[in-house]
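Got the viewer open? Let's take a walk through this one, stop by stop, with something to select at each.

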Amino acid sequence: MHADPQAQSVLESITDAFFAIDGDWRFTYVNRQAEVVLGRGRDELLGRSLWEAYPGLVGSRFESVYRRVAAGGATETVTDFYPDHDRWYEVHVYPAAPGITLYFRDVTERLKADQAVREQGERLHQALQLLEGVTEGTEDLIAALDPDLRYTVCNAAYRRNFMRLFGRTIDVGDSMVEALAALPEDQAMAVALFSRALAGETVHVQCEFGDTAHARRLFDQRFYPLRDADGRIVGAGEVAVDITDQAAAERALRESEARFRTLADNMDQLAWMAEPDGRLTWVNQRWSQFTGLDTEALLDPVQRRSVVHPDHLAPVLAHWAAARERGEPWEHTFPMRRADGVDRWFLSRALPIRDEHGAIVRWFGTHTDVTRGRETEAALRQADHSKDEFMAMLAHELRNPLAPLRNMLALLERRQDAELLPKALALMGRQVDQLGRLVEDLLDGARIKSGKIGLKRERLDLTVVLLAAVETSRPLWEPAGHELALALPGEPLWVDGDRQRLEQVFTNLVNNAAKYTPSGGRLRLGAQVTGDAQVLVTVADNGTGIPSDMLDQVFTLFSQVDGQSPRAQGGLGIGLAIVRSLVQMHGGRVTAHSDGPGRGSEFRVWLPLDGAPG
Ligand code: ADP
């Protein structure tokens with residue numbers, strides 16, 4: 001090849017390999033780069049036959065290409081790998097009439113890049129397929145949007161939900177903004193969330209979505225930016241979980257727990273729960289209030305057990321352990337100690353709670369305060385007993401006046417002499433009076449019980465009433481040889497009351513003082529005004545006295561102090577009950593005092609003074 005020097009220098013300077021072969025297949029030109037590719041110096045090659053210099057070419061696919069081009073064919077290009085160089089060349093074979101020129105372009109880098117792109121594409125494809133496979137099976141909603149808020153990914157669950165919530169289909173390529181056009185609020189919310197992710201933020205929220213005409217559901221959602229290899233944000237991803245049912249279940253659980261606590265804390269019983277081994281794990285507020293123990297103290301068996309009355313602890317523990325062992329409901333009645341040290345009786349019950357296999361998982365128990373029931377029962381028994389005694393006494397009291405009456409009648413039947421008559425009349429009159437008094441007392445007792453006593457009120461001077469009472473009961477205290485001291489103020493004591501009933505009150509008290517004091521005793525009746533506009537009347541004696549545990553009880557109907565000295569005039573245990581009722585009806589109160597048996601008694605009655613000018 002006889003190129004001019006300028007062309008030659010151009011050919012030399014190009015970085016691709018270039019050489020020429022003439023019509024006899026001899027090298028006529030080899031540039032510097034071609035020397036590298038051919039692996040030989042141009043001195044060695046120029047003038048030599050191609051087939052001779054590279055016998056390996058004979059029979060190769062290159063030979064047929066070269067010959068085709070040399071025979072006047074069109075330019076051809078062959079790409080091949082040159083293992084000696086570890087490079088790929090794109091060989092352009094040009095016809096050169098005669099001969100051919102070959103131009104080697106090193107395409108290794110380009111091919112590598114192509115290869116990389118292809119491989120990446122394949123990996124991406126695989127990844128997408130994998131993603132599709134993974135996400136189709138899941139109930140998690142997965143989607144990705146490009147910066148224009150168009151879907152680039154939306155899995156089956158997402159598409160299903162979209163249909164359920166908004167009643168329309170959605171697919172890759174759709175615009176989210178358009179898809180949600182009918183629901184501006186949901187649209188605005190979704191746009192805002194995706195926009196935050198597109199701005200680089202990772203967002204975790206719980207939001208409700210959906211057209212109420214279809215469904216409205218609560219989702220736990222995560223939005224995050226999608227970045228390319230260089231860290232540029234190219235989209236936003238969303239992974240969401242429908243938590244509607246879960247939230248409803250949690251709410252229901254919370255509500256039922258709250259209901260249980262309210263119930264448990266407001267019930268009258270002390271309630272508790274225990275492990276199968278008997279350890280307490282929970283108590284309601286009442287339990288803590290009653291025992292004064294906080295939940296921490298529960299953990300300490302010594303403190304916990306201190307709640308049970310010490311005399312009952314051993315049997316209670318044994319009983320409870322036996323119930324646990326047998327897995328049977330437990331029931332036991334025993335006293336427990338309140339925080340202030342007072343013992344109350346409780347009916348305790350516990351039921352085993354079992355799992356689906358029948359194994360006991362815990363015990364639920366209650367303590368019901370039965371103290372009042374027990375007291376009522378005891379009171380009823382006492383009342384019943386008192387009534388029996390009362391009936392016996394009543395019969396006795398009624399028979400006492402009857403016997404002399406019957407005797408006297410029999411006597412009069414036999415001898416109707418005038419001498420006997422006045423004596424007989426006096427005796428019979430006394431006995432009939434006594435009978436009348438008993439009947440009156442009985443009637444008053446009955447009226448008190450049924451609340452049928454009415455007061456005829458007037459403004460009256462209590463000192464006058466007191467003096468009248470002293471006179472009425474004179475037949476009792478005078479014959480007994482009692483001395484009665486009066487301590488009344490010089491001026492009137494005005495009260496608003498029923499004259500007859502108040503006289504009955506004080507006659508009863510003076511009668512009692514006389515009755516329950518051995519002959520020759522000292523009685524005292526006093527009255528004084530107190531600081532708070534009341535009058536205090538005291539009726540005192542130095543007689544049999546009252547045991548301290550009876551001081552309150554003497555005021556209950558039919559109650560009498562056992563074993564008192566023989567009663568002068570008898571009685572039905574009604575008097576003081578009438579006294580208390582009448583005093584209370586007058587707005588006052590009455591109390592009994594005594595230093596004990598044999599040391600006398602004092603009854604104090606307070607009545608409000610009538611302040612109105614008389
Ligand atoms: P009664 O005198 O008819 O038995 P009361 O209701 O008047 O009934 O009194 C009830 C009981 O209270 C009496 O039975 C007696 O035991 C006791 N009692 C009342 N007054 C006195 C008193 N002054 N001294 C001692 N005991 C008394």
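Start by selecting Ala533, which you'll find in the loop between strand 19 (522-529) and strand 20 (534-541). Keep in mind as you look that this is a predicted model. Now check the backbone: phi of Ala533 is near 60°, a positive value in a residue other than glycine. Most residues other than glycine have a negative phi. Is Ala533 buried, partly exposed or exposed? With a relative accessibility of 46%, Ala533 counts as partly exposed. The turn here belongs to the hairpin of strand 19 and strand 20, with 4 residues between the strands.

**Along the hairpin**

Next, select strands 19 and 20 together. They pair in the antiparallel sense, over 7 bridges. To see the pairing up close, show Leu525 and, opposite it in strand 20, Val539. Arg524 makes another good pair to display, standing opposite Ala540 in strand 20.

Stay on strand 20 and turn on its side chains. Which residues point which way? Gln534, Leu536, Thr538 and Ala540 go to one side, while Val535, Val537, Val539 and Asp541 go to the other. In a regular strand the side chains alternate between the two faces of the sheet. Here both sets are buried. With 8 of its 8 residues buried, strand 20 is largely enclosed by the rest of the structure.

**Neighbors of the hairpin**

What pairs with strand 20 besides strand 19? Add strand 22 (residues 601-608) to your selection: strands 20 and 22 pair in the antiparallel sense over 7 bridges. Zoom in on Val537, whose bridge partner in strand 22 is Val605.

Now look at strand 19 again and bring in strand 17 (residues 483-487). These two run parallel, joined by 5 bridges. Ala485 is the residue to pick in strand 17, as it stands opposite Arg524 in strand 19. You've met Arg524 already, opposite Ala540 in strand 20, so color Ala485, Arg524 and Ala540 alike to follow the pairing from strand 17 to strand 20.

**A strand with two unlike faces**

Jump to strand 8 (residues 203-209) and show the side chains again. Which face is buried? The one with Val203, Val205, Cys207 and Phe209; His204, Gln206 and Glu208 point to the other face and are not buried. Extend the selection to strand 9 (residues 217-227), which runs antiparallel to strand 8 and is joined to it by 7 bridges. For one pair to label, take Gln206, which stands opposite Asp220 in strand 9.

**A glycine in the interior**

Go on to Gly365, in strand 15 (residues 360-369). Its relative accessibility is 0%, so Gly365 counts as buried. What does Gly365 touch, leaving out residues up to four places away in sequence? Select Leu270, Ala271, Trp272, Arg349 and Ala350. Draw a distance from the C-alpha of Gly365 to that of Trp272: the two are 5.2 Å apart, although 93 residues separate them along the chain.

**Another positive phi**

Move to Trp25, in the loop between strand 1 (17-21) and strand 2 (27-30). Like Ala533, whose phi is positive, Trp25 is a residue other than glycine with a positive phi, near 65°. Trp25 has a relative accessible area of 14%, which makes it buried; Ala533 is partly exposed.

**End to end, then zoom out**

Now pick Val36 in helix 2 (residues 32-38). Val36 is partly exposed, at 49% relative accessible area. Draw one more distance, from the C-alpha of Val36 to that of Asp433: 160 Å, with the two positions 397 residues apart along the chain.

Finally, zoom out until the whole protein fits. Switch to cartoon and you have 19 helices and 22 strands to look at. The radius of gyration is 60 Å, well over the 25 Å that the globule rule gives for 614 residues, so the protein is more spread out than a compact globule. Along the principal axes, the C-alpha atoms fill a box of roughly 200 × 65 × 40 Å.

Color by burial next: 39% of the 614 residues are buried. Then try a surface view, where the accessible surface comes to about 34,600 Å² and 53% of it belongs to carbon and sulfur atoms. Last, color by charge: there are 69 positive and 89 negative charges, and their mean positions lie 9 Å apart.

Definitions and conventions
Residues numbered from 1 in each chain as written. Predicted model: local features only at pLDDT ≥ 70, side-chain atom pairs only at ≥ 80, totals over all residues. Heavy atoms only, no water. Rg over C-alpha atoms; globule rule 2.2 N^0.38 Å. Buried < 20%, exposed > 50% of the residue type's maximum accessible area, 1.4 Å probe, protein only. Areas by Shrake-Rupley, 256 points an atom, 1.4 Å probe, with all protein chains shown as cover. Lys, Arg positive; Asp, Glu negative; His and termini not counted. Charge placed at Lys NZ, Arg CZ, Asp CG, Glu CD. Pairing = 2+ DSSP bridges. Contact = heavy atoms within 4.5 Å.
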